[in-house]
Amino acid sequence: MSRSGRLLRLRPWQQYRTANTIFRLERRLGIWAYSLIVLASVIFWFASLSDCSRAAFQYHGLPTTEIMWCVISIIGAAMAQPHNPHQANPKLVTARQQFAWTEAGLEGAIQARNAAARGRLDKEPMFCFESAVKLFFWSCLAYEDYEGARGTAPGTAAAVPEGELEQLMKALSLYNLQVHKVLYDSDGELKVYLAWSPTTVLVCFRGSTTAANWVADAMLWRSAHPGMQLQHKQASHFGAAKIHSGFLRCWSGTGLDSKVLGMLASLVDTALDRSKLKIYLTGHSLGGAVATLAAYDLLKKYKGVLDPLRQVSVYTFGAPRAGNHAFARAYEAAVPDTWHVINDQDTVPRGGKFISAYKRNGQRVIMNKAGDLVVRPIPLESSMLQAPLGSNPIHHLLASYQASLTAVALGQLDALKGLPGGSEGLLDLVRHCPLVAESMYRFGDRANLITWLGSRSMYRYGDRANLITWLGSRVLYTLNSRAPREALTLRRLIAANAANTLGADEEGGLRWQGAGWGGCGVR
């Protein structure tokens, strides 16, 4: 079983979905089986032997075995049962899990998927890896606090100290944004970045950094969503829509909603071509949960004016569940293009379900440091991707999210781990988003990626003639030997994109001049 796990780890989850699911299911059931045998043996050790037949049964271990197989059968059947049989079509599941590497190729990928599904997925969104990388950079930037930001004029250099102005300009250039503004709630505890251009608006909410934020995270009781109207059928099956009280207070209890929605309303109403306006909302942790509430209120206000499938996108990172089943049902109907990126065993998004009190709205995207990217996993896949022994709070850190995003990109350079079309997608991604190349350089310098995944595993299958020298030949990455032209193109692109952020060291190699994603400190 250990050897099977190692071999499957070296291969993409999407291409070996059945093998991965069966392997993890058997491993999970094996843990339950051994635990039940030990528990039953301890219990029957203290049982009295009043007759010969009872003694014979216990001597041969029959009661322990019967209890173990009975419980294992129940657990296996419950884990394999589909939550929604109408969405269990294997072809549709595979089509829903497709994603686009770049924003330029997103529309083409959606059209190709819809044509293959014969129109059954026309109203379904698609995940974009480039959008996730760019919005993650903004989520990192939102944590950078500085004095004098409140009350300053939007978009002025005086609003940002010199050390952070460069990173802010880099963030604005990702979508060619021209103006930015920093907003705070009435208590000054929750920070929001707004940036816009004539065609694009970006809203980024900061996560938990203060004691007041952590108190809001701990307000686990639910409150009714103000102004939400549900159909009778929804209300009868799921009850009234309720929101996490702390998240609702952060959004609407401190006046932040009126500030943000007021700014968005002015931008939407004064847009030269409202049909071409694109709005992104993002945030990490608490910021991601508040971003979903903002997106719902925005589209509720502009229902019929903005296209929720093409004009409003929500990408969150490590965001907890924000509401109950009724809210999730209403939210998914109003804001379909919502993606919750979860890093492996992140404690915050993995927990907080409280049996059925909370339900995740939108679509999940699970990634890990092995380079796996699972878009819209079915319930069984999501369960199998969760560690049997609990979650890991370290995976909630922004640095851990960056490592996983980088691993997904680097995985496309491997002969075994790469997805079909992954090398071409990575080339396009580096052209459109130099942040990916910068992240590869940073992790090569600080973590020495050739030992991060091990020269014996992910990068041992390439040809030495195609090794790329990273950071002045100190870190080597093995590229797929079957694609030397792509290797040369990628090497030139990364060298060109890194020219502005890398300099020569004393040994003639290359040294990194920033920190984090393009210089942003990560937590």
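**Exercise 1. A side chain in a loop**

Which backbone oxygen does the side chain of N324 reach, and at what distance? Describe also where N324 is placed and whether N324 is buried or exposed.

*Solution.* The model examined here is predicted.

Step 1. Locate the residue: N324 belongs to the loop that runs between strand 9 and helix 14 (325-334).

Step 2. Judge its accessibility. Buried means under 20% relative accessible area. N324 has 6% relative accessibility and therefore counts as buried.

Step 3. Find the partner. The backbone oxygen of A240 is reached by the side chain of N324 at 2.9 Å.

**Exercise 2. The chain as a whole**

State how many helices and strands the protein chain has, and what share of its residues is buried.

*Solution.*

Step 1. Count the elements: the protein chain contains 22 helices and 16 strands.

Step 2. Consider burial. Of the 523 residues in the protein chain, 52% are buried.

Step 3. Consider the contacts. Among contacts in the protein chain with a separation of 6 or more, 72% come from residues 24 or more positions apart.

**Exercise 3. An open sheet**

Determine the strand order of the sheet formed by 8 strands, and name its edge strands.

*Solution.*

Step 1. Read the order. The 8 strands are arranged as 3-4-5-8-9-10-11-12 in an open sheet, and their pairing is mixed.

Step 2. Identify the edges. Strand 3 (179-184) and strand 12 (373-375) each pair on one side only, and these are the edge strands.

Step 3. Add the turn between neighbours: on average, neighbouring strands of this sheet are turned by 15° against each other, direction ignored.

Step 4. Examine an antiparallel pair. Strand 3 is paired with strand 4 (residues 191-196) in the antiparallel sense, over 6 bridges. Y184 has K191 in strand 4 as its bridge partner. The two strands, 3 and 4, form a hairpin with 6 residues between them, and in the turn G188 has a positive phi of about 70°.

Step 5. Examine a parallel pair. Strand 9 (residues 312-317) and strand 10 (residues 338-343) run parallel and are joined by 4 bridges. Opposite F317 stands V341 in strand 10.

**Exercise 4. Two packed helices**

Classify the packing of helix 11 against helix 12, and list the residues that make the contact.

*Solution.*

Step 1. Recall what is needed: two packed helices are described by the angle between their axes and the distance between the axes.

Step 2. Take the values. Helix 11 (residues 245-253) packs against helix 12 (residues 256-269) at an angle of about 55°, and the axes are 5 Å apart. Helix 11 is therefore oblique to helix 12.

Step 3. List the contact residues. Helix 11 contributes C250, W251 and S252, while helix 12 contributes L256, D257, V260 and L261. Sorted by class, the contact has 5 nonpolar, 1 polar and 1 charged residues.

Step 4. Look at the surroundings of helix 11. Its buried residues are S245, G246, F247, L248, C250 and W251. Their cover includes strand 5 (200-205), helix 9 (211-217), strand 6 (222-224), strand 7 (242-244), helix 12 and helix 13 (286-301).

Step 5. Note the residue G255, which takes a positive phi of about 80° just after helix 11.

**Exercise 5. A buried lysine**

Which polar partners does K417 have, and where does K417 lie?

*Solution.*

Step 1. Place the residue: K417 is in the loop between helix 17 and helix 18 (422-432).

Step 2. Assess burial. K417 counts as buried because its relative accessibility is 2%.

Step 3. Name the partners. The side chain of K417 makes a polar contact of 2.8 Å with the side chain of D372. A polar atom of the K417 side chain also lies 3.1 Å from the backbone oxygen of R11.

**Exercise 6. Positive phi outside glycine**

Describe the phi, place and accessibility of R118 and of N176.

*Solution.*

Step 1. Recall the background: most residues other than glycine have a negative phi.

Step 2. Treat R118. Its phi is positive, about 60°, although R118 is not a glycine. R118 is placed in the loop between helix 6 (106-116) and strand 2 (127-128). With a relative accessible area of 76%, R118 is exposed.

Step 3. Treat N176. Its phi is positive, near 55°. N176 is placed in the loop between helix 8 (162-174) and strand 3. N176 is exposed, its relative accessible area being 60%.

Key: Residues are numbered from 1 along each chain as its sequence is written. Side-chain values use heavy atoms; hydrogens and water are left out. Axes are lines fitted to C-alpha atoms, for helices over the stretch in contact, and angles run from 0 to 180 degrees between N-to-C directions. Angles under 35 degrees count as roughly parallel, over 145 as roughly antiparallel, 65 to 115 as roughly perpendicular and the rest as oblique. Contact means heavy atoms within 4.5 Å. Ala, Val, Leu, Ile, Met, Phe, Trp, Tyr, Cys and Pro count as nonpolar, Asp, Glu, Lys and Arg as charged, and the others, Gly among them, as polar. Two strands pair if DSSP finds at least two bridges between them. Buried means under 20% relative accessible area, exposed over 50%, partly exposed in between (1.4 Å probe, protein chains only). A polar contact is a pair of N or O atoms within 3.5 Å; within protein, one must be able to donate a hydrogen and the other to accept it, and residues adjacent in sequence count only if both atoms are side-chain atoms.
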